[in-house]
Number of protein chains: 2
Amino acid sequence: MKIGELAELGGVSTKTIRYYESIDLLREPARTTSGYRNYGDDAVERLRFIRDAQASGLTLAEIASVLELKEAGERSCAHTSSLLDRHLAQLDEQIALLKKSRTVLADLAMRSKALDPASCTDPNRCQVISAAEPLPNL
Amino acid sequence: MKIGELAELGGVSTKTIRYYESIDLLREPARTTSGYRNYGDDAVERLRFIRDAQASGLTLAEIASVLELKEAGERSCAHTSSLLDRHLAQLDEQIALLKKSRTVLADLAMRSKALDPASCTDPNRCQVISAAEPLPNL
DNA sequence: AGCAACCCTCTAGCTGGCTAGAATGTTTTG
DNA sequence: CAAAACATTCTAGCCAGCTAGAGGGTTGCT
C-alpha cells in the first residue's frame, strides 16, 4: 500500500507519516521500483498504535521507546505500565495545580468586578492582578 | 538602574528582559552614554506585574494588550476582567479534560498490571493500550 | 595596566508535533 | 496521450517563551 492509503487508514496526513519516519517512529518501508514507499498491513496497526498511545498521553519519544522494546523482543508490559504510572502521577499533579490556579483566578475575577475603576490609575500596576497571590507555576 | 539589577529585582534573567523588550512587552529604556540600558524604579513594578499576570495564566501577548490599554489611559478594569473570565472558562475546560484523561489512564494502568505478559506478542500492538478507548485531545 | 564583572548586538537554537511549499517524477483514468 | 492525482526530496516555518553563544565594548577596583 502507498503512503496515501496508509495515511487514510491511519487517520493522519502523508506528511505526518514521513515525519514519523524521519524521527524513527516508523521504520523505513520497502520501496517500489520508482521509489514510492510501499507499506504492508502491519503499518496500519503500528500507526494506530501510535495514535492510541499518543491519545493516552505518551509523547512520541516515549512511544518510540515502547516500540523499540517490543521490537527487541521484550515480552513484558512493565515498561508500558511504568510509563502509564508516571503519566498518571503527572496528570494528578497537573490537575492539582490547575485547581489551585482556578481558585486564585476566580478570586481575581470577582475582585475585578468589585473594584472601583476610577482608582485604577497607575499605568504600571493593576490592582486586580497585583493585589493577588502569585499562582504556582504551571 | 542597569539591566542586571533589574533582572535581580524582577526575578528574571537579563536575556529575558531583552527578549521582553524585543516583543514590546517592556518599553525601550533610556541609555547611558555608553549605551547601557538605564531603568527607573517603575520598571521593577512593570516586570513584577508581568510576572504576576503570567502566573495568573495570561500569555505574554495578553499581558501586552493589558499594558497597552493602561498606557493608552484606559481607566476601567473591564479588559483585564474579561481576560480573566475567559481564562477561568478555559481552565475549567482543561481541568475537565484532564480528569477524563485521568480516568482512562488509571484504567489502562490497572489493566496493564492484570494482563498476562506472555500473551503480549504482536510487536505492533500493545494489549494495554490498543484495547482502551482513545482519550480526548489534551 | 590588568582583570573581572558587567554590558552590548546579533544570530541561532531549543521544545513537540507537525505543516507548507518548491520543484520534480510517476501512476492512473478518460 | 494528456491531465489529474498521486508520489518524491528538500528546505523552511509555525506556536511560545525563552536560552546560548559569538564577538565585542565598558566599568570599577587594585
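These questions and answers cover a predicted model of protein chains with DNA.

Q: Which residues come nearest to DNA strand C?
A: The protein surroundings of DNA strand C comprise 18 residues. Of the strand atoms that come within 4 Å of the protein, 68% belong to sugar and phosphate. The nearest residues are A:Ser34, A:Tyr36, A:Gln54, B:Gly4 and B:Arg18.

Q: What is the distance from the side chain of B:Arg18 to a phosphate oxygen of DNA strand C?
A: A polar contact needs N or O atoms within 3.5 Å. The side chain of B:Arg18 offers an N or O atom to a phosphate oxygen of DNA strand C. The distance is 2.5 Å.

Q: Which residue places a backbone N or O atom 3.4 Å from a phosphate oxygen of DNA strand C?
A: B:Arg37 uses a polar side-chain atom, 2.8 Å from a phosphate oxygen of DNA strand C. The backbone approach at 3.4 Å comes from another residue, in chain A. That residue is A:Leu60.

Q: Which element gives the largest share of the surface near DNA strand C?
A: Two elements give two or more residues each: helix H2 (14–22) of chain A and helix H1 (3–10) of chain B. The largest share is 4 residues. It comes from H2(A).

Q: How many residues of the surface near DNA strand C are charged?
A: The surface near DNA strand C mixes three classes. Nonpolar residues number 6 and polar residues 7. The charged count is 5.

Q: How far apart are the end C-alpha atoms of helix H3 of chain B?
A: Helix H3 of chain B covers residues 42–55, which makes 14 residues. At 1.5 Å a residue, the helix should span 20 Å. The model agrees, with the end C-alpha atoms at 20 Å.

Q: Which residue just after H3(B) takes a positive phi?
A: The buried residues of H3(B) include B:Phe49, B:Ile50 and B:Ala55. Just after this helix, phi reaches about 100 degrees. The residue is B:Gly57.

Q: Is A:Tyr20 buried or exposed?
A: A:Tyr19 and A:Tyr20 form a tilted aromatic pair, 6.1 Å centre to centre. A:Tyr19 is partly exposed at 44% relative accessibility. A:Tyr20 has a relative accessible area of 7%, under the 20% cut-off. Therefore A:Tyr20 is buried.

Q: What is the angle between the planes of B:Tyr19 and B:Tyr20?
A: B:Tyr19 is partly exposed at 44%, whereas B:Tyr20 is buried at 6%. Their rings lie 6.1 Å apart, centre to centre. The pair counts as tilted, with an angle of 45 degrees.

How values were computed:
Residues numbered from 1 in each chain as written. Chains lettered and ligands numbered in written order. Predicted model: local features only at pLDDT ≥ 70, side-chain atom pairs only at ≥ 80, totals over all residues. Heavy atoms only, no water. Near = heavy atom within 4 Å. Polar contact = N/O pair within 3.5 Å; in protein donor to acceptor, adjacent residues only side chain to side chain. Nonpolar A, V, L, I, M, F, W, Y, C, P; charged D, E, K, R; others polar. Expected span 1.5 Å × (residues − 1). Buried < 20%, exposed > 50% of the residue type's maximum accessible area, 1.4 Å probe, protein only. Phe/Tyr/Trp six-rings, centres within 6.5 Å; stacked < 30°, edge-to-face > 60°.
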